[in-house]
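User: I should like to understand how the terms used for a protein structure are justified. Please take me through the reasoning step by step.

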Amino acid sequence: MRLLQYNNDGDFSLTEFDESDIPEYAILSHTWEQDNRKEVTYAEVISGTGQDKEGFKKIRFCGEQARQDGLPYFWVDTCCINKQNNAELRHSINSMFRWYRNARRCYVYLSDVSTRKRKASDQSSEHTWDLSFRESRWFTRGWTLQELLAPASVEFFSFEGKRLGDKSSLQKQICKATNISPSALQAKSLSQFHIDERMQWVEYRETGQEEDKAYSLLGIFGVSMVPAYGEGVAKAFDRLWDRFREIQKCMQDLRPTDPRLDKERIEATKGGLLQEAYRWVIETSDFQQWRTSQHNQLLWIKGDPGKGKTMLLCGIADELQNSLAKSALLSYFFCQATDSRINRATAVLRGLIYLLVDQQPSLVSHVQASYNKAGKALFEDANAWVCFDQVDLPRLLDFIVQTSSISPRIKWIVSSRNWPSIEKDLDRATQKASMCLELNETSVSAAVTTYIKSKVNWLVERQEYDTDTQDTVQRYLSSNANGTFLWVALVCQELAVISGWEVKEMLSAFPPGLDALYTRMMEQISSSRTAKRCKSILAVISVIHRPITLDELPSLVDMPPGSSSNDKALAEIIGNCGSFFTLRDRTVFFVHQSAKDFLINKARSIVFPSGMADIHYALFSRSLQALRTVLRCDVYSLRAPGISIDQVKQPDPDPLGAVRYSCLYWVDHLLDCRTREDTIKDLKDSGLVYSFLHQYFLYWLEALSLLKSLSEGVVMIQKLEDLLFDESPHVHAFIHDARRFALHNRSIIEQVPLQAYCSALVFAPEKSIVRETFEDCIPSWIQRKPRVETHWNAMLQTLEGHTSGVTSVAFSPDGKQTPNLHVSENWLAEVDSGTVIPEGNPSNLGVGP
């Protein structure tokens, strides 16, 4: 990027900066002269000419205004781009939105708006320039749209160089002139606005060249593409939309969850974010040093369960969001150990990257090329970190430690419990600080006191406490909280269902300390009339691999008649389980990780009297039972076998809604209980596994495709095949054939679900067990079937994704990955699922003969 700078003699000079080292600068927004020859060009600045041109006045204005604002550098499009260099022009067009967004100040020079006073007889307007401002040509040009929306600071100046106001003070006039909503004028990300709304912003704007109508929207839609002047506006827009759809698909597959929505859910679940409860950490020297010092890139906030770490991070995120420059990017992720989908190292990185790309769409180019070859598998399989446990946690921490030392522009905050293993890994960071909540007892206690006041006020309003009761409750909570937010929240949740007149005598029943409180909750459940059902729910939700919805709950736990489709009844049943759970968006969550830890470790004999394996077996068998009642051919009634997965609209009600969990995790629960005698029977030829697969295998594949989880299904089949079936030849043969069938047809079924019954069956070998079993599912309109092989041949699967010839193949030492080497590209393939991961690094893989 080239920037202009005032010289001591009053002339200008151009300096070129690397994109990673650009200083603060101002930027000019204007309309070009009708005769472009009146604008100062790059060549003229280099040669020191052009001062006599009409356009030079704008350059001088921008430079002088920037100098007044303490900015030595400034940028003007007419002369900072060498438009004779086509490569540079292409790069500039794609970078323009980012350059305007990153500018410290944007000056809009309105050559058709004057502040000269009108004649005394003209009283038609309170502001002499108001009407001409709203009718300015600047509001009708295509390129000025991004120049209005991208920068945080946009200031408007008249022809005379007099400041008229900024984007905030002139918001009413701007909205009236442009039909752009106030929220869009102030937005940090335009992706939140619908595509139709964004197109309305440019509807009546004009550009000098017709293709620029599309090219001027590249930044508005987060798209990067090569300009091709002469292609026509229609083709330019076609390319824009194609590129936009590609990026949207990549973003959808990249997104494991939206951390912003997780943050909203966490705050709502915990009763809202109190500024007084987190402000103290913002004011500490540790935080301020991390925030301002270039030699402190990592801050570790550690504390015991229930000390408010999560809400502290929510508050810090708000503080940073409100104070960071618009050019700065903030990304965060709340790892939740109770949900296997977002407690993995892969999910953490994907969530962080997703937020960064959503704020700066141009970053998607770093993954787009690989994604175009591999699809969703790029983010999930072989080169993705597998799980967030004691094996892979150090790997994630190592990544954080390494990146914290790369650049002073990258800063990390990590929050966790006081685990020595985490401390050992983070200790390797050279530019770090740590903050222990237990060592900030005074500040934490003051924050808890504020939280107690807020919760007691809520109880007073809800339960109509008198003053004496209010004081009694507040004193008790303050005396026993021991600096633990979660304890206060749980006690107040229990008090919310106790009448005000009996609160005083009930208070002493809530012992201090989380474990003591959890113990009391378990005692209450055990003595209740719904004890059996509640314990069953506690056991099931303790071992499941992700939070389940109210739709899924009745499939996994026995429920009273008539309650399965009654959300109010189900919510009441969940409420009977003490305060271990919270219900949000029809999904059951643990109130805190410590609650799950207590049930599994300290209440194991009560919750799992026959052992956890029994619960896993119940989940396995109930899952198969539920799947049997739902799975069928064309479960979504699509009818047309050529409908792609992108065209599928989820019906309401969704027939798969109750069995989504069962579809994805029945094999995992089978593996978790495989040592039980009943399980061993179910793995025999006469058992549940063979019976289910023999009747429902193809329907299950269809369902997995509709759930966009077919790759996970292939891995599940592989897990089954890895089990020993020495005494079960029929089960072994069916599963082996099922894996061949799934691997061979994964790509087509993944893209077009109903092809499981068409091309997948028709082109399977004649003696394929799956084909023979489900031959009746082949549509009757397929009258003539092609000649195919009798048996599966030696080729297990076709690994697609390369664009040139394969010159070398190898396998990883564990046999799970195979890198293929080409003249121009390298890529990895996941052997189990068949998914391809481009640009793999085979350096640590063993090469076979």
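User: How many salt bridges does a search of the whole structure find?

Analyst: The search finds 38 salt bridges in this predicted model.

User: What makes the contact between Glu 24 and Arg 104 a salt bridge?

Analyst: The N to O distance between the side chains of Glu 24 and Arg 104 is 3.8 Å. A salt bridge requires a side-chain nitrogen of Lys or Arg within 4 Å of a carboxyl oxygen of Asp or Glu, so the pair qualifies. The two residues belong to distant parts of the chain, 80 residues apart. Glu 24 is in the loop between strand E2 and strand E3, while Arg 104 is in the loop between H4 and strand E5.

User: Why is Glu 24 called partly exposed?

Analyst: Glu 24 has a relative accessible area of 48%. Partly exposed covers the range between under 20%, which is buried, and over 50%, which is exposed; Glu 24 is therefore partly exposed. The same term applies to Arg 104, because its relative accessible area is 47%.

User: How do you know that Glu 155 forms a salt bridge with Arg 105?

Analyst: The closest N and O atoms of Glu 155 and Arg 105 are 2.8 Å apart, and the cut-off is 4 Å. Glu 155 lies in strand E6 and Arg 105 in strand E5, so the pair ties together parts that are 50 residues apart in sequence.

User: Is Glu 155 buried or exposed, and why?

Analyst: Glu 155 has 5% relative accessibility and counts as buried, because buried means under 20%. Arg 105, at 27% relative accessibility, counts as partly exposed.

User: What makes the pair of Lys 263 and Glu 267 a salt bridge, and where do the two residues lie?

Analyst: The side chains of Lys 263 and Glu 267 meet at 2.7 Å, N to O, and the definition asks for a distance within 4 Å. Both residues lie in helix H12, four residues apart, about one turn of the helix. Lys 263 is buried, and so is Glu 267.

User: Which residues are joined into one network by salt bridges that share partners?

Analyst: The network consists of Asp 69, Arg 105, Glu 155, Arg 163 and Asp 166.

User: Which residues lie nearest the centre of the largest cavity?

Analyst: They are Asn 94, Gly 219, Gly 222, Val 223 and Ser 362, from a lining of 19 residues. The largest share of that lining, six residues, comes from H4. About 190 Å³ of space lies in the largest cavity.

Definitions and conventions
Residues are numbered from 1 along each chain as its sequence is written. This is a predicted model: local features need pLDDT of at least 70, side-chain atom pairs count only at pLDDT 80 or more; totals for chains, interfaces and linings use all residues. Side-chain values use heavy atoms; hydrogens and water are left out. On a 1 Å grid over the protein atoms alone, a cavity is a set of points where a 1.4 Å probe fits but cannot get out, and a pocket is an open set with protein on both sides within 12 Å along at least five of seven lines; lining residues have an atom within 4 Å of a point. Grid points are joined across faces, edges and corners, and a volume is the space filled by probe spheres set on the points. Buried means under 20% relative accessible area, exposed over 50%, partly exposed in between (1.4 Å probe, protein chains only).
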